[in-house]
Amino acid sequence: MLLNREVSGKRWHLRPDGIGKVTGQLQYLTDMTHPEMVYGRVLRSVYPFARIISIDTTEAEAMEGVLAVLTSKDVPGLNRFGIATPDQPVFCEDVVRYVGDAIAAVAAISPEHAALALDAIRVEYEELAPLDSTDEALAPGAPELHEHGPGNVLHRTEIKRGNIEEAFAACEHVVSETYYTPRQMHAYMETEGGLFVPDDAGRLHVYAATQHGYKDRMQLARIIGCPEEDIRVVSSPIGGSFGGKDELNVQPYGALLALRCLRPVKMHNSRKESVRAGLKRHPMKIEMQTGMSREGIIQAHRVRITADTGAYATLGAPVLNFATEHCLGPYSIPHVDVEGVSVYTNNGLSGEFRGFGGNQAIFAMEGQMDRLAEIMKMNPWEFRRRNMRGKSDPGPLNQRILVTDGLSQVWEAMERSDLWQKHQQSSSSASLPPWIKRGVGAALAMHGAGLGYGIPDPAGGRISLNKDGKIEVAFSYEEFGQGLIATLEIMLCDLFQCSTSDLSIIIGDTDRVPHSGSSTASRSTTMAWMALQRLHTPFRSKLLSVAAAHVGLQKMNL
């Protein structure tokens, strides 16, 4: 099958996993089975906030077909997880903090037996008044959801520069607005799940969707209380993630059950359980006050961001950092006063979601730009050009950014587009019913790729010639729909001037690949490209040296 072809003068590269995905032939991790496997299920809280008075598993343990019933007392290591802040219990000990908090887990010979066992677990609660808004959580005297306080604040951020009060006083026009962005569910086609297989040597093989196999391995080792090398994590291919599977989900329960039963355990969340227990996009309240001169040049920008991180930290702090950085947009603003706060509530879990907090901030900032342009009676696209940062300007945090004219190029391409030109000529919608509005809008955004400014962001890769004579590359990245394998093929074919049949690509298996870091924030393509640039020359030199020795030459050049 040809993977590259010319269509209308353009070179097309067919995705190597595309046919398998569209035909349903590709096996995802949740499709895996084992002849000896049993089924795992998790008992979750029905209350958003309550004390646990007692947990009685006696009846469930005695049921036919039930192999294991686990609670917090059965966690041999750390009863907590969380990529950045490990504050989420594997199993709650004395308090539940959201509808979906895990209390117990069972393994049984069938899904039906597992469901019956969950129903047989008796939990006595003392229901507490939940904190269902950030205002309630920040109010004086509010109950603290976590002991590490202060209050219910997970994280605070700020950016301050210039003299904001003097700048506002000198502005000709000021726009003040509050923007609210909602909670949002990833709703991937493949819900959370996987297969957990202990072997005779005492190792655990984890086949479960994640965006960071090595980080999963580290967290699972802490929970189980074993060396990381005793766990193998296979993390690709994935049927959608968008950030929602970056944090542990079913992995702690599948791992603990498999080691207790010494049998393979399959877990696969229903859609209902995925909605209850899965990560969501952070809801945010963003208050903005923006002032400009008579000529329409932005002089001052004040922002207050309040993010609802939910019951546990997950990646709430880095998400707030990202929102704080991006609430200035791709614009040059001399006087800035930004403060952000991420708040614990009983509203489930907020975590990573495509855009990582930038989407909420950009939505608000671009709303401000349209409102400011309207006051100026100026074309909103032209107003953006007037305030764009220069190609050599530092970033919002005064960090160095690679010199690029990409912003101007995007602006000009939009300005020339047929759609925008038709919009500029404007067609009347007077004939439409008053409740129907038609229009064309445009927004401008600058978005960071990688883990974020100031965060160490290393990555590793390996390139070798395998026994089949193919160029083999290995990264710990995962394919979850973003087209990583096709991207790697294109880069390698360009780098070595070879065909796809000359390549072997290995990803997402901690036993076979080096540590490449997280498959998040669009970093996989960038990091893989950088790694290949550094690996290419030494690999090529070694390859030629071995080839020269094999044919009896001192040196071989290509």
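**Exercise 1. In which strand does Ile-298 lie, and is Ile-298 buried or exposed?**

Solution. The model is predicted.
Step 1: locate the residue. Ile-298 lies in strand E20, which covers residues 298–310.
Step 2: check its accessibility. The relative accessible area of Ile-298 is 1%. The cut-off for buried is under 20%. Ile-298 is therefore buried, given its value of 1%.
Step 3: list its contacts, leaving aside neighbours within four places in sequence. Ile-298 is in contact with Thr-290, Gly-291 and Met-292, with Ser-332, Ile-333 and Pro-334, and with Met-369, Leu-372, Phe-383 and Asn-387.
Step 4: take a separation. Between Ile-298 and Met-378 there are 14 Å in space, C-alpha to C-alpha, and the two are 80 residues apart in sequence.

**Exercise 2. Work out the order of the strands in the sheet that holds E23, E24 and E25, and place the helices on it.**

Solution. Step 1: set the order. The open sheet has 3 strands, ordered E23-E24-E25, with mixed pairing.
Step 2: find the edges. Strand E23 (462–465) and strand E25 (503–507) each pair on one side only, as edge strands. From one strand to the next, the twist averages 20°.
Step 3: examine one pair. Strand E24 (residues 471–475) and E25 run parallel and are joined by 5 bridges. Ala-474 has Ile-506 in E25 as its bridge partner.
Step 4: add the helices. Helix H14 (residues 484–496) lies across E23, E24 and E25, at about 140° to E25. Helix H15 (residues 523–551) packs on the sheet and touches E23 and E24. The direction of H15 makes about 30° with that of E23.

**Exercise 3. Describe the largest pocket: how many residues line it, and which lie nearest its centre?**

Solution. Step 1: take the volume. The largest pocket holds about 1100 Å³ of space.
Step 2: read the lining. It has 39 residues, and those nearest the centre are Ile-401, Leu-402, Gly-448, Ala-449 and Gly-450.
Step 3: trace the elements. Helix H9 (316–326), helix H12 (406–416) and H15 each supply at least two lining residues. H15 gives the most, with 6 residues.
Step 4: sort by class. The lining has 18 nonpolar, 13 polar and 8 charged residues.

**Exercise 4. Which element gives the largest share of the lining of the second largest pocket?**

Solution. Step 1: take the volume. About 750 Å³ of space lies in the second largest pocket.
Step 2: read its lining. Of 41 lining residues, Glu-352, Leu-451, Ser-518, Thr-520 and Ala-521 are the closest to the centre.
Step 3: trace the elements. H9, H14 and H15 give two or more residues to this lining. The largest share, 3 residues, comes from H15.
Step 4: sort by class. The lining of the second largest pocket divides into 15 nonpolar, 20 polar and 6 charged residues.

Note on methods
Residues numbered from 1 in each chain as written. Predicted model: local features only at pLDDT ≥ 70, side-chain atom pairs only at ≥ 80, totals over all residues. Heavy atoms only, no water. Pairing = 2+ DSSP bridges. Helix = DSSP H or I, 4+ residues; strand = E, 2+ residues; numbered from the N terminus. Axes fitted to C-alpha atoms, helices over the stretch in contact; angles between N-to-C directions. Contact = heavy atoms within 4.5 Å. Buried < 20%, exposed > 50% of the residue type's maximum accessible area, 1.4 Å probe, protein only. 1 Å grid on protein atoms, 1.4 Å probe; cavity = no way out; pocket = protein on both sides within 12 Å on 5 of 7 lines; lining within 4 Å. Points joined across faces, edges and corners; volume = space filled by probe spheres on them. Nonpolar A, V, L, I, M, F, W, Y, C, P; charged D, E, K, R; others polar.
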